[in-house]
Amino acid sequence: MEKNIFGKGEPASPELSKYFSGKVYFNPLVSSEEKYNFQVINVTFEPGCRNNWHTHSHGQILLIIDGYGWYQEWGKKAQRLKPGDVIKVPSGVKHWHGAGKDTWLSHVVISASENITQWLEPVSEEEYDNLKE
């Protein structure tokens, strides 16, 4: 991690970390408790870490700020992530995202305060290992 300008943050809670394949860190920049209708969180994945397949009730935006990784929507080919990429995740779309096998990934997540995440099955080792750089 060379350009993670917001800092790595704190490790995910045990309740949340069960939806990730490795260590992930959260640094809230604008929390849902503040007087805004959105939250902004810097999320940092260690190499090889990714989240489970999941959906969001209100969608989200991912701003890639450091490292490299992957984003994939159900039924589509995985997309390589790099700093400067902007991913717009529509409401209800099943997807996952995370770091590359040998690289960290940091992205800023922007989502509605009332956004509900429905966590689904993990991304299999086979699916992840077959990604092409």
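**Exercise 1. Describe the order and number of the elements in the chain.**

From the N terminus on, the elements run β-α-β-β-β-β-β-β-β-β-β-β-α. That order holds two helices and 11 strands (DSSP runs, H or I of at least four residues for helices and E of at least two for strands, numbered from the N terminus). The model is predicted: local features need pLDDT of at least 70, and side-chain atom pairs count only at pLDDT 80 or more, while totals for chains, interfaces and linings use all residues. Residues are numbered from 1 along each chain as its sequence is written, and side-chain values use heavy atoms, leaving out hydrogens and water.

**Exercise 2. Compare the radius of gyration of the chain with that of a compact globule.**

Step 1: for 133 residues, a compact globule would have a radius of gyration near 14 Å (taken over C-alpha atoms, with the rule 2.2 Å times the number of residues to the power 0.38). Step 2: the chain has 14 Å, which agrees. Step 3: along the principal axes, the C-alpha atoms fill a box of roughly 45 × 35 × 30 Å. Step 4: of the 133 residues, 44% count as buried (under 20% relative accessible area, with exposed over 50% and partly exposed in between, using a 1.4 Å probe and protein chains only).

**Exercise 3. Locate R50 and describe its surroundings.**

Step 1: R50 sits in the loop between β3 (38–45) and β4 (54–56). Step 2: its relative accessible area is 4%, so R50 is buried. Step 3: a polar atom of the R50 side chain lies 2.9 Å from the backbone oxygen of G48. Step 4: not counting residues up to four places away in sequence, R50 touches residues including Y19, F20, F45, W96, E125 and Y128 (contact means heavy atoms within 4.5 Å).

**Exercise 4. Find the strand that holds Q72 and the polar contacts of its side chain.**

Step 1: Q72 belongs to strand β6, residues 69–73. Step 2: Q72 counts as buried because its relative accessibility is 15%. Step 3: the Q72 side chain reaches the backbone oxygen of K76 at 2.7 Å. Step 4: the Q72 side chain also makes a polar contact with the side chain of W96, at 2.9 Å (a pair of N or O atoms within 3.5 Å; within protein, one must be able to donate a hydrogen and the other to accept it, and residues adjacent in sequence count only if both atoms are side-chain atoms). Step 5: leaving aside neighbours within four places in sequence, Q72 is in contact with W53, K77, A78, K94, H95 and W96.
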